[in-house]
Every structure is written in structure tokens, then in C-alpha cells.
Amino acid sequence: MTSRRAISKKVPRFNPLTFLSTIGKGRKFLSFQVKDTVFAQGDSTDGLFFIQKGKIRLSVVSEAGKEATLGILGDGDFFGEGGLAGQQVRMSTATAMNTCGILHIEKDAMMLAMKREPKLSAMFLRYLLKRNIRYQDDLVDQLFNSSEKRLARVLLLMAHFGTEGVSEMSIPRLSQETLAEMVGTTRSRVSFFMNRFRRLGFINYDAGENLFVHSSLLNIVLHDDNLTVSTGLGPAVSRAGTRREPPSARGVTPDKDRARRPPLEDTTLLQD
């Protein structure tokens, strides 16, 4: 009777988050401090990484020695997964921006786990698709939006805007040169806009090494140039001097409606 009961016990259901937060065969926990290098551009690939806690900066250096920031990653993000697709060397450098706890997963361990566990495969695929959408949004942002809007969007994404019940988030304070690389503008323009955001109460960096981003910064991203925008901190900010769109032909959707995009979303994929 006892043996039958033992046999009939259900096998615990696989949880992707448990797999990504525990050590095991082919998985080990690594700790990094500020400015530590996780891997450098040109290193051989040796698996991928999952951020349990902290911020990681991805950067790339050209043959001429010019450095550019590709992005800032946070809790719940994967990086360094190029080796799963046959990439032989690292195409970027990953650097810790604060104290980080990271799970390193060997290539064979990750491939085997995804083959055996559809939930892990679905989660990883969902992450890659959402990141691809993010890259497309970055390109559209670069092509059509002002440097002020691009800077506001970068700050909001780094602060994981959209966390329920949170109106202000802190992020590691970046140099204006780094922000200029990410936005695609000059350091002087970043300085001008950061001072403006600070004056309006959208950000605060008076003390410590962190930058505090308030959700009201979203006003900069969402407003149309021909609309009056309320900052919630005083008189409305007016964007004058723009021409109105001419009426469209019957049955044709106006350009301003066709160009509308979904609201800014957090890219964290910790939800199953």
C-alpha cells in the first residue's frame, strides 16, 4: 500500500522562475560589484546569464575606439544568449552598474532544459520577442521623436515604468555622456533636458548615487506637439507654433491616428 501511494504521488510541476533562481547542474550563481566586467567584447561564448538582482550595462566599441551603450538591463533580463544560436565570441561588453546577483547557465544545460520543459521555452521565446519589439520601438523612436522624448523614454524604461502602485523608481545614476550615447544626441542637450526635467519635478538626483524617476515624466513621451500638456505641478505646458493636420479624405484614417502606438510597457518577464 505504501509503495503504491509513493508511486501515485505527483511529480512537482516545473517552474521556470525556480530554475532561474537556483543553482544546479550547469547553473551557478555569480556576484559582481560596481564596474565589474561580466564578459568583454571578443571573449568566447560560454552560455548565457539571467539577472536575479541588479543592473547591467551592455556596451560596444568600434575599431576606431568609439564606445556606445546598447542598453541597460535589470531584474529578470537575459543577456549573452548569442551562443545558443552559434555565436562564437561576445559582440558586446557587459558591466555591472551596482551590486548584481546573476545566474550563469551553460549552453548545454539551457538547451536541454528548454527541450524538456515547454514552459521554460515559452518564457524565453516570449522574452526574445518582447525584446525584439523593444528594438523596433527604439528604431522608431530614433527616427521620429525629438531628443527630449527619447531621453524621457530611456529614463522611464530603465526605471521599469508601469510597476503597479509605484509612482517613483530609482535607477543607478548614469553619466550624461552615457545617456547621450543611448539617446543619440550630445552631452550638452542631455544636460539641458535633465535640468528641465529636474525643474519640473520629473526627476530628482540631489543625493546619493541614484536617480529618482517620477511617473509624471510620461507626459513628455505621450504629449503631441500641438497639444497642451499638464505636468501636475503647476500651469499647463503649451506646445505652440505647430500646424494642424489637414482633414483626411472620407474613409481614410488620419496619419496621427494610424501612427498611434501602445503605451510604454515594462519589459520584465517574471510573470508566467
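## Strands β3 and β6

Let's start with two strands of this predicted model: β3 and β6 run antiparallel and are joined by 2 bridges. One residue pair to look for is F50 with F78, its bridge partner in β6.

## The sheet around them

Strands of a sheet pair through backbone hydrogen bonds, and they can do so in a parallel or an antiparallel way. Here, β3 and β6 belong to an open sheet of 4 strands with antiparallel pairing. Reading across the sheet, the order is β1-β8-β3-β6.

Which strands are at the edges? They are β1 (27-32) and β6, and each of them pairs on one side only.

## Helix α4

Now follow helix α4, which covers residues 118-144. Its 27 residues, at 1.5 Å a residue, should span 39 Å, and the C-alpha atoms at its ends are 39 Å apart, so the expected span and the model agree.

Which residues of α4 are buried? They are L120, M123, F124, Y127, R131 and D141. The buried residues of α4 pack against two strands you have already met, β3 (48-53) and β6 (78-79). They also pack against the helices α2 (16-19), α3 (107-116) and α5 (147-158).

## How confident is the prediction?

The protein chain has an average pLDDT of 81, and 74% of the residues score at least 70. Two stretches deserve a careful eye. Residues 226-245 have a pLDDT below 50, and this stretch makes 30 contacts in the model beyond near neighbours in sequence. The pLDDT is also below 50 over residues 266-272, a stretch with 17 such contacts in the model, again beyond near neighbours in sequence.

Notes:
Residues numbered from 1 in each chain as written. Predicted model: local features only at pLDDT ≥ 70, side-chain atom pairs only at ≥ 80, totals over all residues. Heavy atoms only, no water. Expected span 1.5 Å × (residues − 1). Buried < 20%, exposed > 50% of the residue type's maximum accessible area, 1.4 Å probe, protein only. Contact = heavy atoms within 4.5 Å. pLDDT = per-residue confidence, 0-100. Pairing = 2+ DSSP bridges.
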